[in-house]
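The following exercises are to be worked with the sequence and the coordinates at hand. Each task is followed by a solution in steps.

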Amino acid sequence: MGKWGVLGAALVVARTAITVKVWREVERLPGQGVHDGSVTVVVPARDEERTIDRCLTGLRAQDHPDLRIVVVDDASTDRTAEVVRRHAAEDPRVRLVTGSGPPSGWAGKVHALHVGSAGVDSDWLLYVDADTEAAPDLVGRLLAGARRWDVDLVSTSGRGTRPGPGWWLLLPPTNQLLFETTTVDGRRGMALAVGHCILVRRETCERAGGWAAIAGSRADDVGFATLVRDTGGRTRYADGSDSLTTSGLDAFGDAWASMRKSMVAGTDLYSKGPAGAFLGLVTAGVAHIAYGAVPLVAALRGSRPGLVACLAQSAALWVFLRRTRQPRAAAVLGPVAPVVFGALSLEAAWHALRGTARWKGRGMRG
């Protein structure tokens, strides 16, 4: 491969070094929780009858003494509301808010979060996805993290409930891109947050303009955290995956659909309109396919730089698998993951261009 092979291997090693460095900056939530202040949990739910029961069971079991739970049924067509009503009948802390969908100019989830936050007077707001399940200490640990780092927003992602190829092939490249375009402490670039779980001080949220300030955005995690940061708040992404699980990415098909949605939504942060989204996603797709395939083919042909690049890709994947509690043996798929992710990017580009990208029955751009 000559000098180009050496340069390519150096690029892969450099990206791996960045990934390792940022993971070292992602501190774990404090092991001992605190119970300062009242917390209202807001759960947006659209067609979540399979998961909402476990979500609410976990939230009701929190050891935080001053907790309320608001579930926003976002025009579900299944039994979501029925399940929530049962929990509300059993626990006065649970409240169901029903909606008919977002008005013009609003993204569905953002509008549900906005509705769920309306009129809340608690000290903190905690936004969690309906396909998550929290351990009893989650709220206390999040509050402890906010105190330790003196921040107004703390976010964490959940771990998968069972190992699956979506976690080995689709999420690692996404993680790598996030680490390269956001910062854990929000001090540079965009602020990193994951929609699985975001705790924010209510006064800080209101000062930022709340969810109405990003009404039309589908990037409701990074976009929201960056908004909070840009309006004077302090943010932090932490590892709380030992207290939070998510089942929404366990099946490969579900992970593919979710990542496609996130990729199209993420173009809101970088481009405007279908054409810009298409070009950005095509570029990312081709680059990732080359990033994985070229070193792999070169290594199979006996190239040492190609082998070094493949080993670096596997090292980056190994770190991700270790921190997300996935089987580390899957690290051998290091060079394959970018290729699969590249194929996903190309499919997402096609949907973005045609305007056919949908999530839970709704269009992703509008």
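**Exercise 1. A salt bridge between helices**

Task: Determine which residue forms a salt bridge with Glu 180, and how far apart the closest N and O atoms are.

Solution.
Step 1. The partner of Glu 180 is Arg 15, and the closest N and O atoms of this salt bridge are 2.6 Å apart. The model is a predicted one.
Step 2. The pair joins distant parts of the chain: Glu 180 belongs to helix α7 (residues 171-181) and Arg 15 to helix α1 (residues 2-25), with these positions 165 residues apart in sequence.
Step 3. Glu 180 has a relative accessible area of 33% and is therefore partly exposed. Arg 15, at 12%, is buried, since buried means under 20%.
Step 4. In the structure as a whole there are 24 salt bridges.

**Exercise 2. A bridge and a network**

Task: State which residue forms a salt bridge with Asp 91, and which residues are linked with Asp 91 in a network of salt bridges.

Solution.
Step 1. Asp 91 is bridged to Arg 93, with 2.8 Å between the closest N and O atoms.
Step 2. Asp 91 is buried, its relative accessible area being 7%, whereas Arg 93 is partly exposed at 26%.
Step 3. The network of salt bridges links Asp 53, Arg 60, Arg 86, Glu 90, Asp 91 and Arg 93.
Step 4. A further salt bridge may be set beside this one: Arg 79 pairs with Glu 82, the closest N and O atoms being 3.2 Å apart. Arg 79 is partly exposed at 41% relative accessibility, and Glu 82 is partly exposed at 46%.

**Exercise 3. The geometry and ends of helix α12**

Task: Compare the end-to-end reach of helix α12 with the expected value, and identify the residue that caps the N-terminal end of α12.

Solution.
Step 1. Helix α12 comprises 20 residues, 304-323. With 1.5 Å a residue, the expected span is 28 Å; the first and last C-alpha atoms are 29 Å apart, which is close to that value.
Step 2. The N-terminal cap is Ser 303, which places a side-chain oxygen 3.2 Å from the backbone nitrogen of Gly 306.
Step 3. Just beyond the helix, Arg 325 adopts a positive phi of about 60°.
Step 4. The buried residues of α12 include Gly 306, Ala 309, Ala 312, Gln 313, Ala 316 and Phe 320. An α-helix has 3.6 residues a turn, so residues three or four places apart point the same way.

**Exercise 4. Contacts of Thr 16**

Task: Decide whether Thr 16 is buried or exposed, and list what Thr 16 touches beyond four places in sequence.

Solution.
Step 1. Thr 16 is located in helix α1.
Step 2. Its relative accessibility is 8%, so Thr 16 counts as buried.
Step 3. Leaving out residues up to four places away in sequence, Thr 16 touches Gln 176, Ala 312, Gln 313, Ala 315 and Ala 316.
Step 4. Ala 312, Gln 313 and Ala 316 are among the buried residues of α12.

**Exercise 5. A nonpolar patch and helix α13**

Task: Find which residues form a nonpolar patch on the surface with Val 336, and test whether the span of α13 agrees with 1.5 Å a residue.

Solution.
Step 1. Val 336 forms the patch with Leu 296 and Leu 300; together the three have about 260 Å² of accessible area.
Step 2. Val 336 belongs to helix α13 (residues 336-354) and is partly exposed, with 31% relative accessibility. That value passes the patch criterion of over 30%.
Step 3. The 19 residues of α13 should span 27 Å, and the end C-alpha atoms are 28 Å apart, in agreement.
Step 4. Buried residues of α13 include Ala 337, Val 340, Phe 341, Leu 344 and Ala 348. Just after α13, Gly 355 has a positive phi of about 75°.

**Exercise 6. Two buried helix residues**

Task: Establish which residues are in contact with Thr 226 and which are touched by His 111, leaving aside neighbours within four places in sequence.

Solution.
Step 1. Thr 226, in helix α9 (residues 222-230), is buried at 13% relative accessible area.
Step 2. The contacts of Thr 226 are Met 190 and Ala 191. Thr 226 and Met 190 are 36 residues apart in sequence, yet their C-alpha atoms are 5.5 Å apart.
Step 3. His 111, in helix α4 (residues 108-117), counts as buried at 16% relative accessibility.
Step 4. His 111 touches Gly 101, Pro 102, Pro 103 and Trp 106.

Methods: Residues numbered from 1 in each chain as written. Predicted model: local features only at pLDDT ≥ 70, side-chain atom pairs only at ≥ 80, totals over all residues. Heavy atoms only, no water. Salt bridge = Lys/Arg side-chain N within 4 Å of Asp/Glu carboxyl O. Helix = DSSP H or I, 4+ residues; strand = E, 2+ residues; numbered from the N terminus. Buried < 20%, exposed > 50% of the residue type's maximum accessible area, 1.4 Å probe, protein only. Expected span 1.5 Å × (residues − 1). Polar contact = N/O pair within 3.5 Å; in protein donor to acceptor, adjacent residues only side chain to side chain. Patch = residues over 30% accessible without salt bridge, like charges linked within 9 Å, V, L, I, M, F, W, Y side chains within 5 Å. Areas by Shrake-Rupley, 256 points an atom, 1.4 Å probe, with all protein chains shown as cover. Contact = heavy atoms within 4.5 Å.
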